[in-house]
Amino acid sequence: QTDEYGHETSWTLHSVDAETNAQTALIADVGENTYGPFQRDSIQLVLAPGKYRFTLRDAMGDGFCCSAGHDGWYSVSINGREVLRGDRYTRHISHDVIIGYDPKMSDRGEEWQEA
């Protein structure tokens with residue numbers, strides 16, 4: 001949900017190279033002047049396993065801040081489970097999210113766990 005100055009809010013979602021940590025392809029974005037005051041938005045994406053970077057920006061540099069912007073917040077969910085939530089930032093904030101992480105235990109680890 002944006003703050004009172006929703007028109008200042010924009011965001012991007014990029015894929016990220018897991019080895020170099022560099023942003024690669026733009027997956028989704030919303031530009032400035034899209035949202036109104038206190039507006040909520042929700043999008044659903046089907047993403048391949050991998051690393052992604054969500055970046056939230058504020059054109060004035062005050063984020064969801066101060067007396068005029070205290071009602072803004074953001075969240076990211078994966079398969080219905082919220083994995084990221086926040087409400088304070090300044091000019092921009094980025095979070096990396098890993099989709100499809102499936103930790104595999106080594107054979108030795110499994111043997112130790114069974115013992």
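**Exercise 1. Find the strand that holds Ile 27, then decide how exposed Ile 27 is and which surface patch it helps to make.**

Start with the backbone: Ile 27 is found in strand E2, which covers residues 23-30. Keep in mind as you work that this is a predicted model.

Next, look at the side chain's cover. The relative accessible area of Ile 27 is 35%. Buried would need under 20% and exposed over 50%, so Ile 27 counts as partly exposed.

Finally, look for its partners: Ile 27, Ile 43 and Leu 45 make a nonpolar surface patch of about 240 Å².

**Exercise 2. Classify the ring pairs that Tyr 74 forms with Phe 54 and with Tyr 89.**

Begin with the search of the whole structure, which finds four aromatic pairs. One of them is Phe 54 with Tyr 74, at 6.2 Å centre to centre and 40 degrees between the planes, a tilted pair. Phe 54 belongs to strand E3 (residues 50-58) and Tyr 74 to strand E4 (residues 74-78), so this contact ties together parts 20 residues apart in sequence.

Now turn to Tyr 89. Its ring centre is 6.4 Å from that of Tyr 74 and the planes stand at 85 degrees, so this pair is edge-to-face. Tyr 89 sits in the loop between strand E5 (81-86) and strand E6 (92-99), so here the linked parts are 15 residues apart in sequence.

Check burial as well: Phe 54 and Tyr 74 are buried, and Tyr 89 is buried too.

To finish, place these rings in context: Phe 54, Tyr 74 and Tyr 89 form one aromatic cluster with Trp 11 and Phe 64.

**Exercise 3. Locate the charged group that sits over the ring of Trp 73.**

Go to Arg 85: its charged end lies over that ring, 4.4 Å from the centre.

Technical notes:
Residues are numbered from 1 along each chain as its sequence is written. This is a predicted model: local features need pLDDT of at least 70, side-chain atom pairs count only at pLDDT 80 or more; totals for chains, interfaces and linings use all residues. Side-chain values use heavy atoms; hydrogens and water are left out. Rings of Phe, Tyr and Trp (its six-membered ring) pair if their centres lie within 6.5 Å; planes under 30 degrees apart count as stacked, over 60 as edge-to-face and the rest as tilted. Helices (H or I, at least four residues) and strands (E, at least two) are DSSP runs, numbered from the N terminus. Buried means under 20% relative accessible area, exposed over 50%, partly exposed in between (1.4 Å probe, protein chains only). A charge sits over a ring if NZ of Lys or CZ of Arg is within 6 Å of the ring centre and within 35 degrees of the ring normal. Patches are made of residues with over 30% relative accessible area and no salt bridge: like charges are joined within 9 Å, nonpolar side chains (Val, Leu, Ile, Met, Phe, Trp, Tyr) within 5 Å. Accessible areas come from the Shrake-Rupley method with a 1.4 Å probe; for residues, only the protein chains shown count as cover. A salt bridge is a side-chain nitrogen of Lys or Arg within 4 Å of a carboxyl oxygen of Asp or Glu.
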